[in-house]
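Reader: I have a new model open on my screen and would love a guided tour. Could you take me through some of its features?

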Protein chains: 2
Amino acid sequence: MMHKINVGLIGFGNVGSGAVKILSDRKSLLSSKIGLDINIKKICDKDVLSKRNVSVDKGLFTRDAKDIINDPQIDIIVELIGGIHPAKEFIMEALKKGKSVVTANKALLAQEGRELFALARDRGKSIYFEASVGAGIPIIKALREGLVANKFSGIFGIVNGTSNFILSNMSENDLSFSVALNEAKAKGFAEKDPTLDIEGIDSAHKLILLIYLCFGKFVALEDIFIEGISHVSLADVKYAADLGFEIKLLAIAKKEFDELEVRVHPTLIPKSHLLSSVSGVFNAIYVSSDLAGNLLFYGPGAGQLSAASAVVSDLVDLTQGLKAGMFRPTLHIVEDRSIKKLRRIGEIKSRHYIRLVTADKPGVLAKISGVLAKFGISIASVNQKEKQKAKVVPIVMVTHEAREKDLRSALEMIGRFDVIKEKPVAIRIEDV
Amino acid sequence: MMHKINVGLIGFGNVGSGAVKILSDRKSLLSSKIGLDINIKKICDKDVLSKRNVSVDKGLFTRDAKDIINDPQIDIIVELIGGIHPAKEFIMEALKKGKSVVTANKALLAQEGRELFALARDRGKSIYFEASVGAGIPIIKALREGLVANKFSGIFGIVNGTSNFILSNMSENDLSFSVALNEAKAKGFAEKDPTLDIEGIDSAHKLILLIYLCFGKFVALEDIFIEGISHVSLADVKYAADLGFEIKLLAIAKKEFDELEVRVHPTLIPKSHLLSSVSGVFNAIYVSSDLAGNLLFYGPGAGQLSAASAVVSDLVDLTQGLKAGMFRPTLHIVEDRSIKKLRRIGEIKSRHYIRLVTADKPGVLAKISGVLAKFGISIASVNQKEKQKAKVVPIVMVTHEAREKDLRSALEMIGRFDVIKEKPVAIRIEDV
């Protein structure tokens, strides 16, 4: 009889039932590949009655996670309940009982990862989390194992499918943000309360994990500059397109000398760059490494089977370690100690797209450019658009690289002019 | 003292010296990550005198590979001499002596992989080969481990940097094939004899390895339909661009029912597809998987440190297995037995781009379209270009999906007409 690894699953929802389905449908394929059986020994869920798309022996179910955590025959627990509590406590208890852990819980790892990974290391156990970023795209494995010898200088990620669907739908079909958001909801790509997705929080959670993998540091959520996409207008999407850019919600970490920039915001990306072509609910992570160069990993950023595919690959990795007589702990993550501090958002430098809505009067452009010059901001291109209703004229500009602080001051001053009819819009351009 | 793994390197050329450099420069980073030291114990090369960009203790050098293969203290050999013989014999001897192997030798694995992998499996050892496709892009790891639970239906790869540099240079700078080839040579992106690259052989070698990973089968080189890029003209590149396509040398494996299509040829790819934006010496592999969906892996397809980065990640993987008390053999590759045969090239169906150079006479188009209709080929678009010198008129067409055999027969018949002034050109369109 083939040796088997016992797994306890906590959370039998969408991804959990997907994982059970894959383990059942692909049982013989997986056994042939890994040389042992992955056996789901127990499943814990508050709801053990609802039907899922996989049939499971009723005897496996429990409503009490302790039945899994305290089972000495269970080698690995898979946590898929989401949220901070009690997921954190379950994982900590499991590690203390000598089990390794697979989880897709990006919010938990982003917030409590430092403590959880330290505990795992202490106990010689592993936490695998491939499904937490980019669903089935094997990005965690790529960064931790495939690029193990590399140092990194940048991460640029489209890591929230909901936001990317909305932005590309606006761009491709000339929709306003709110119409595109409603369409995303109707298609099941956005939740009823989409705040976490469209306000960039989910992207920031994933960025924290990518930074941990590339730089060995846990950045706190409150240290990340986060700006969502709810204020992105169709006008900006169209003007950006005319200038040769797509607007994407980008999660960015850039190392420069001893500083790290960490930010999530709508970003103009040149159409010549691969990231600009990532549309719909797809995700893509672009990383700059010093040996392997600039790499891009692209795929569906969500989906039951896609995320479950990642959970199963984590299980297989863990079983491979166990087969050799003991769990092979994850490759240790090593901190990049050359990073001394996080750069404040005011200090970052980038090009900017600016849109101003002005009164149709002589001398307006002179006034605006005068203020920009005063703050040392030079203009790369100006486009005065055709007059719209009520004598207002949109002016679209692209600046050369300027310090964010200076740009903000300039726009604040410009915004106070009588001839400026709407709050000035500025969107960062990233020359990835 | 930290436990160490002894490695013997056979082949101290470009990639070999790059790997030694990384292992030396990143010694402490790697040791911290993996918990042991990777120690280069011996280096074999015919030329032990030339200077490399890394300094090595002269005592490590040998001119005789047997000194490495027969050294019982060496755990892993790295084969980087290229070519079939004696690389094959070295690897077989090493496996028999209980060593695992890291190689970047795609030609060898493509030709002799069946035998070599069978021997490795027999002996419970592993052959790692991450550097053999896409240099530092961790595509092998992604397919074998990250997507371990998936079944695949398609592979579409831009896997030859030389050809891609030439084609994108033609497209971006309006160059003829021969000028672009010379530029590639001048920049060191093409070898003096570029046949293997531009005639698609190298792409076919890599395709064989990708097929092995995705479908568990070794396809023979002679069973792959291979067409290179040397006949691609600037005119075709420009007309394709007008129609919304880029021409790329694509390595394709597609599963349909119980058949597998395997082919390498210039291909029109819609500009909306990510693969069309892969330019220069970059590589990209697009795979269709049933759980994780459509994924793309992109990065530099060549380069000393990029390939060496992959070699080092293979070494790290192997040491992780050894640390746990024994070598963890590679996940077994399992054959997809639902594939019963390879589809013959005449039977594949695709849309085609066709260019005909015709005399400027009435009735030409009627004659051509009559022949196409006779073979059941329907036309999606026709574009009669402006008359050129000497009263010849180029006609550019796009067909609907047609069987290759029928298209060839039609073009052969059309090519015999007096009004056709040049051999008809046909390039497959892939709706990836």
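**A walk through two chains**

Author: Happily, and do keep in mind that this is a predicted model. A good place to begin is a hairpin in chain A: strand 11 of chain A connects to strand 12 of chain A through 3 residues.

Reader: How many bridges join strand 11 of chain A to strand 12 of chain A?

Author: Strand 11 covers residues 282-289 of chain A, and strand 11 and strand 12 of chain A run antiparallel. One of the pairings to look for sets A:Y286 against A:L296 in strand 12 of chain A. The number of bridges joining strand 11 of chain A to strand 12 of chain A is 8.

Reader: Is strand 12 of chain A mostly covered or mostly open, and how many of its residues are buried?

Author: Strand 12 of chain A spans residues 293-300 and is mostly covered. Of its 8 residues, the number that are buried is 7.

Reader: Which residue of chain B stands opposite A:F297?

Author: Strand 12 of chain A also pairs across to the other chain, with 3 bridges to strand 12 (residues 293-300) of chain B. These two strands run antiparallel. In strand 12 of chain B, the residue opposite A:F297 is B:F297.

Reader: Which element gives the most to the side of chain A that touches chain B?

Author: The contact takes 50 residues from chain A and 49 residues from chain B. On the side of chain A that touches chain B, helix 2, helix 6, strand 12 and helix 12 of chain A each supply at least two residues. By class, that side has 26 nonpolar, 17 polar and 7 charged residues. The element that gives the most, with 11 residues, is helix 12 of chain A.

Reader: Moving to chain B, are helix 5 and helix 10 of chain B parallel or oblique to each other?

Author: Helix 5 (residues 106-122) and helix 10 (residues 201-215) of chain B pack with their axes 8 Å apart, at an angle of about 55 degrees. Angles from 35 up to 65 degrees fall outside the roughly parallel and roughly perpendicular ranges. Helix 5 and helix 10 of chain B are therefore oblique.

Reader: Which residues make that contact, and how many of them are nonpolar?

Author: Helix 5 of chain B brings B:K106, B:A107, B:L109, B:A110 and B:G113, while helix 10 of chain B brings B:H205, B:K206, B:I208, B:L209 and B:Y212. Besides 2 polar and 2 charged residues, the number of nonpolar residues in this contact is 6.

Reader: Which residues of helix 11 of chain B are buried?

Author: The cover over the buried residues of helix 11 of chain B includes helix 7, strand 9, strand 10, strand 14, strand 16 and strand 18 of chain B. Helix 11 of chain B spans residues 234-242, and its buried residues are B:D236, B:V237, B:Y239 and B:A240.

Reader: Which are the edge strands of the open sheet in chain B?

Author: This sheet has 6 strands in the order 3-2-1-4-5-6, with parallel pairing. Strand 2 and strand 3 of chain B pair over 2 bridges, and B:I43 stands opposite B:F61 in strand 3 of chain B. Each edge strand pairs on one side only, and the edge strands are strand 3 and strand 6 of chain B.

How values were computed
Residues are numbered from 1 along each chain as its sequence is written. Chains are lettered from A and ligands numbered from 1 in the order in which they are written. This is a predicted model: local features need pLDDT of at least 70, side-chain atom pairs count only at pLDDT 80 or more; totals for chains, interfaces and linings use all residues. A residue is buried if 20 or more other C-beta atoms lie within 10 Å of its own, exposed if 12 or fewer, and partly exposed in between; C-beta atoms are placed from the backbone. Helices (H or I, at least four residues) and strands (E, at least two) are DSSP runs, numbered from the N terminus. Two strands pair if DSSP finds at least two bridges between them. Axes are lines fitted to C-alpha atoms, for helices over the stretch in contact, and angles run from 0 to 180 degrees between N-to-C directions. Angles under 35 degrees count as roughly parallel, over 145 as roughly antiparallel, 65 to 115 as roughly perpendicular and the rest as oblique. Two residues are in contact if their C-beta atoms, placed from the backbone, lie within 7 Å. Ala, Val, Leu, Ile, Met, Phe, Trp, Tyr, Cys and Pro count as nonpolar, Asp, Glu, Lys and Arg as charged, and the others, Gly among them, as polar.
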